[in-house]
Amino acid sequence: MEIEIATIGGYEEVGRQMTAVRAGEDVVIFDMGLNLSKVLIHDNVETERMHSLDLIDMGAIPDDRVMSEIEGDVKAIVPTHGHLDHIGAISKLAHRYDAPIMATPFTIELVKQQIQGEEKFGVENDLVKMDAGASTRIGDDGVELEFVNVTHSIIDAINPVLHTPEGAIVYGLDKRMDHDPVLGDPIDMDRFREIGEEGVLCYIEDCTNAQKKGRTPSESVARRHLKDVMYSMADYDGGIVATTFSSHIARVKSLVEFADDIGRQPVLLGRSMEKYSGTAERLDFVEFPEDLGMYGHRKSVDRTFKRIMSEGKENFLPIVTGHQGEPRAMLTRMGRGDTPYELEEGDKVIFSARVIPEPTNEGQRYQSETLLKMQGARIYDEVHVSGHLNREGHYEMLNALEADHLIPAHQNMEGFAPYVELAESEGYELGEDLHVTRNGNVITLVE
Ligand SMILES: [Zn+2]
């Protein structure tokens with residue numbers, strides 16, 4: 001069976017991930033993501049109304065025109081998890097393919113919401129839910145798609161595996177090896193080892209933290225860190241504000257619980273806080289206290305801030321958007337003094353996040369933090385663990401899968417380098433079975 005891999009997006013950057021695998025007549029697309037930084041660099045770009053080709057020219061979504069070089073029919077579009085760099089282009093590109101979108105339930109729900117917000121294209125692909133651990137047949141030539149449970153900074157993440165007569169293609173974006181997650185099941189390393197024994201033709205891997213030594217700590221470590229920080233504030237009688245990735249439901253859950261432990265009423269503020277936590281709760285992925293307030297609209301947010309100010313800041317923990325200093329997010333607005341919440345000397349701001357190492361984020365975050373400090377806020381930074389594998393995690397995956405071919409992904413050339421060195425030390429050879437590639441290439445594995 002002929003096997004080809006088209007590396008469409010996310011091979012020159014972190015963002016706009018998209019890869020297509022052809023096995024005989026059947027093609028499966030993994031991820032259709034957005035590179036948000038290419039959108040945010042422009043003021044006031046409303047992507048909802050934009051045409052795909054303009055977004056491709058901006059570098060915001062994958063340039064899928066390479067798909068015309070791929071024979072066969074697209075049988076499924078498979079986003080691995082709900083982060084925007086993996087699902088954010090579905091509303092712009094999926095309608096060009098006569099294929100269902102298949103993902104885990106939480107991811108499907110986020111895809112559905114994204115399609116509903118689209119104003120330019122009518123996306124009518126079927127949305128098919130498949131749970132982690134399940135498999136389904138693709139086409140008539142003995143190809144099967146399996147979802148292996150992985151742990152990441154968003155719930156319900158999987159690594160899809162395409163089983164072909166030539167061996168398995170493992171699409172390894174994004175994960176960390178968490179054996180003690182706060183929500184959901186541990187990573188299914190047993191299954192990865194089994195698949196490795198059955199034979200892996202190719203492993204496509206997210207190299208994000210390959211330069212970092214050791215292993216990525218579990219989410220339970222971030223939870224303990226956060227507990228320590230928040231318990232240390234138990235006696236403080238002023239304002240405490242926290243921010244994190246709004247899609248990081250496990251972290252939001254920890255913030256909510258520890259707020260209660262230190263005698264404060266948690267409240268989620270900001271549009272995406274309301275969206276992700278509301279969705280997770282509705283789908284029973286997390287249980288929040290019944291009276292937990294979630295407010296996204298400007299008016300209800302301002303009303304809540306006024307209530308907090310009149311009932312006493314010391315009784316509340318606002319959990320807000322703005323961990324990267326995004327100009328329109330809640331924490332940035334609080335820093336600018338654009339909300340009824342008044343920060344005072346000594347008030348505490350917890351960033352349960354790291355700055356995404358990218359100049360736009362770094363600049364915006366610097367600005368936001370400086371504005372908060374100018375009002376007297378004390379900053380607690382990096383109460384966080386990464387969602388991506390460090391070097392020893394990559395080493396373990398290489399040994400579990402023993403793939404015939406490796407394709408590093410989810411990085412620029414600089415980010416590939418440490419992964420390439422690791423792979424070479426494990427016996428892979430650049431240009432032979434280790435394929436460093438760019439956006440828009442097609443790699444033939446079996447002719
Ligand atoms: Zn991700």
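Let me start at His163, whose bridge partner in strand E10 is Ala168, and I should say at once that what we are looking at is a predicted model. The pairing of E9 with E10, residues 167–172, is antiparallel and rests on 4 bridges, and the two strands are joined by a hairpin that passes through 2 residues. On E9 there is also a pairing with strand E8, residues 143–149, again antiparallel, and here 6 bridges are made; within it, Glu146 stands opposite Val161 of E9.

How many residues of E9 are buried? In this strand, which covers residues 158–164, 7 of the 7 residues are buried. In a regular strand, side chains alternate between the two faces of the sheet. For E9, one side carries Ile158, Pro160, Leu162 and Thr164, the other carries Asn159, Val161 and His163, and since every one of these residues is buried, both faces of the strand are covered.

Let me now move from the strand to the core. The largest nonpolar core has 126 residues, and those with the most contacts inside it are Val28, Val170, Cys202, Ile319 and Leu401. Helix H8, residues 249–261, gives this core its largest share, namely 7 residues, and the core draws at least three residues from each of domain 1 and domain 2. If we take Cys202 as an example, and leave out residues up to four places away in sequence, then the residues it touches are Ile5, Ile169, Ala403, Asp404, His405, Ile407 and Leu445.

That brings me to the domains themselves. Domain 1 is made of two segments, 3–215 and 387–446, while domain 2 runs over 219–380, and the centres of the two, taken over C-alpha atoms, are 31 Å apart. To the contact between them, domain 1 contributes 19 residues and domain 2 contributes 18 residues. On the domain 1 side, the elements that give two or more residues are helix H1, 36–40, and helix H5, 105–117, with the largest share, 5 residues, coming from H5. That side of domain 1 divides into 10 nonpolar, 5 polar and 4 charged residues.

Finally, the chain as a whole, which has 14 helices and 19 strands. Its radius of gyration is 22 Å, close to the 22 Å that the globule rule gives for 447 residues, so the chain is as compact as a globular protein of that length. Along its principal axes the C-alpha trace spans about 70 × 45 × 40 Å, and 50% of the 447 residues count as buried. Among contacts between residues at least 6 apart in sequence, 75% join residues at least 24 apart.

Notes: Residues are numbered from 1 along each chain as its sequence is written. This is a predicted model: local features need pLDDT of at least 70, side-chain atom pairs count only at pLDDT 80 or more; totals for chains, interfaces and linings use all residues. Domain bounds come from an automatic or database domain assignment. Two residues are in contact if their C-beta atoms, placed from the backbone, lie within 7 Å. Ala, Val, Leu, Ile, Met, Phe, Trp, Tyr, Cys and Pro count as nonpolar, Asp, Glu, Lys and Arg as charged, and the others, Gly among them, as polar. The radius of gyration is taken over C-alpha atoms; the globule rule is 2.2 Å times the number of residues to the power 0.38. A residue is buried if 20 or more other C-beta atoms lie within 10 Å of its own, exposed if 12 or fewer, and partly exposed in between; C-beta atoms are placed from the backbone. A nonpolar core is a set of buried Ala, Val, Leu, Ile, Met, Phe, Trp, Tyr and Cys residues joined through C-beta atoms within 7 Å. Two strands pair if DSSP finds at least two bridges between them.
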